[in-house]
Amino acid sequence: MPFARLATATTPTCHLGLGLAAVGRPGYINLGRDEDLGEDRSVETLRTRTHELLDAAYVQGVRYFDVARSYGRSEEFLADWLTGNPHIDDVVVGSKWGYTYTADWTTDAEKHEIKDHSVRTYDRQRAETAELLGERLDLYQIHSVTPDSPALTDKDLHARLAEAAAQGTTIGFSTSGPAQAEAIRAALEVTVGGECLFRTVQSTYNALETSAGPALAEAHDAGLTVIVKEGMANGRLAEPHAPDALKAVAAETSLGCDAVALALVLRRPWAGVVLSGAATTSQLASNLHAAVVDLDDEQLSRLAALAEEPGAYWERRARLPWR
């Protein structure tokens, strides 16, 4: 498992990763992007921004970087950075396949990405990822598995993924939607040659959406590394959008709402890596303070009350505009 590398890391931020969904393409659903990115979102501007974030993350102890075929040019940007820093050999690189980016570097496309978990898409995107990341790819994940995903039942696909695993690539999956727990449990039952196919799971979990927690604990107990995405609920847990209870706890800790929100996730014993989706280096620095946030039982109780019904949470997420 490539994540075994993190077990020997000594920096407090080693269990925080950097996801490039917000900076690998000009449009995304995070709140506050107008302020974060401004009007200039050219390829070269976002390439430079991404490299600055990667530099800052590495210096501050981050060792996991997360991209996807559908995150615009995120794989390309990361590959460029790795090529420019050949001395860096202690990071873990994860990507995802299953969505195709279709926005053509715009923010107002009718569709920004198209989902397809077929063998044909896997073969195409695996080749595209290999061309960019080559041997630097450690983890390849099925993007956004849901209970009805054919990726859970397609034996030909399972054989392809098992072949990649035999060649040294760790195979994982990510989840989304109100039935994340069901998808996780179904994926844990997928076996090839009597062995569980998947070695990692990446799911949405945050102060507002906690429904996947028990299933993620089961995945951890089964030996999978758990990666948590959207710990900031696409900006809903950051200033100025954060709920009053979170703002109050943040004031008590003298740190930002973002640091407290991510610290809440880091406290889960099953959380192997928690992703920052920072779009600026200042956001990243604030996010990484999560590693030193100390929350008492009374504060945790107040934050626990923020959890929403999963259907309502995902319905609101679906309404967030691409900007």
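This section describes the strand barrel of a predicted model, together with the helices that pack on the sheet and on each other.

In the predicted model, eight strands close into a barrel in the order β1-β2-β3-β6-β7-β10-β11-β12, and the pairing is parallel. From one strand to the next, the twist averages 25°.

On one side of the closure, strand β12, which spans residues 273–276, directs V273 and L275 one way and V274 and S276 the other way, with all of these residues buried. Two neighbours in the barrel flank this strand. Strand β1 (residues 16–19) pairs with β12 in the parallel sense over three bridges, and within this pairing G17 stands opposite L275. Strand β11 (residues 225–229) likewise pairs with β12 in the parallel sense, here over two bridges, and V274 in β12 is the bridge partner of V228.

Elsewhere in the barrel, strand β3 is mostly covered, since six of its six residues are buried. The side chains of β3 alternate in direction, in that V92, G94 and K96 point one way, whereas V93, S95 and W97 point the other way. The buried set of β3 thus includes the charged residue K96 as well as W97. Strand β2 (residues 64–66) and β3 pair in the parallel sense over three bridges, and Y64 is placed opposite V92 in β3.

Strands β7 (residues 170–175) and β10 (residues 200–204) run parallel and are joined by three bridges, with V201 in β10 as the bridge partner of F173. Helix α6, formed by residues 155–166, packs on the sheet, where it touches β3 (92–97), β6 (139–145) and β7, and the direction of α6 makes about 130° with that of β7.

A further packing arrangement involves two helices. Helix α9 (residues 244–253) and helix α12 (residues 297–304) pack at an angle of about 155°, and their axes lie 9 Å apart. Because angles over 145 degrees count as roughly antiparallel, α9 and α12 are therefore described as roughly antiparallel to each other. The crossing in which α9 passes α12 is left-handed. On the α9 side, the contact is made by A245, L246, A248, V249, E252 and T253, which meet Q299, R302 and L303 in α12. By class, this contact of α9 with α12 comprises five nonpolar, two polar and two charged residues.

How values were computed
Residues are numbered from 1 along each chain as its sequence is written. This is a predicted model: local features need pLDDT of at least 70, side-chain atom pairs count only at pLDDT 80 or more; totals for chains, interfaces and linings use all residues. Side-chain values use heavy atoms; hydrogens and water are left out. Buried means under 20% relative accessible area, exposed over 50%, partly exposed in between (1.4 Å probe, protein chains only). Helices (H or I, at least four residues) and strands (E, at least two) are DSSP runs, numbered from the N terminus. Two strands pair if DSSP finds at least two bridges between them. Axes are lines fitted to C-alpha atoms, for helices over the stretch in contact, and angles run from 0 to 180 degrees between N-to-C directions. Angles under 35 degrees count as roughly parallel, over 145 as roughly antiparallel, 65 to 115 as roughly perpendicular and the rest as oblique. A crossing is left-handed if the near helix is turned anticlockwise from the far one by less than a right angle, and right-handed if clockwise. Contact means heavy atoms within 4.5 Å.
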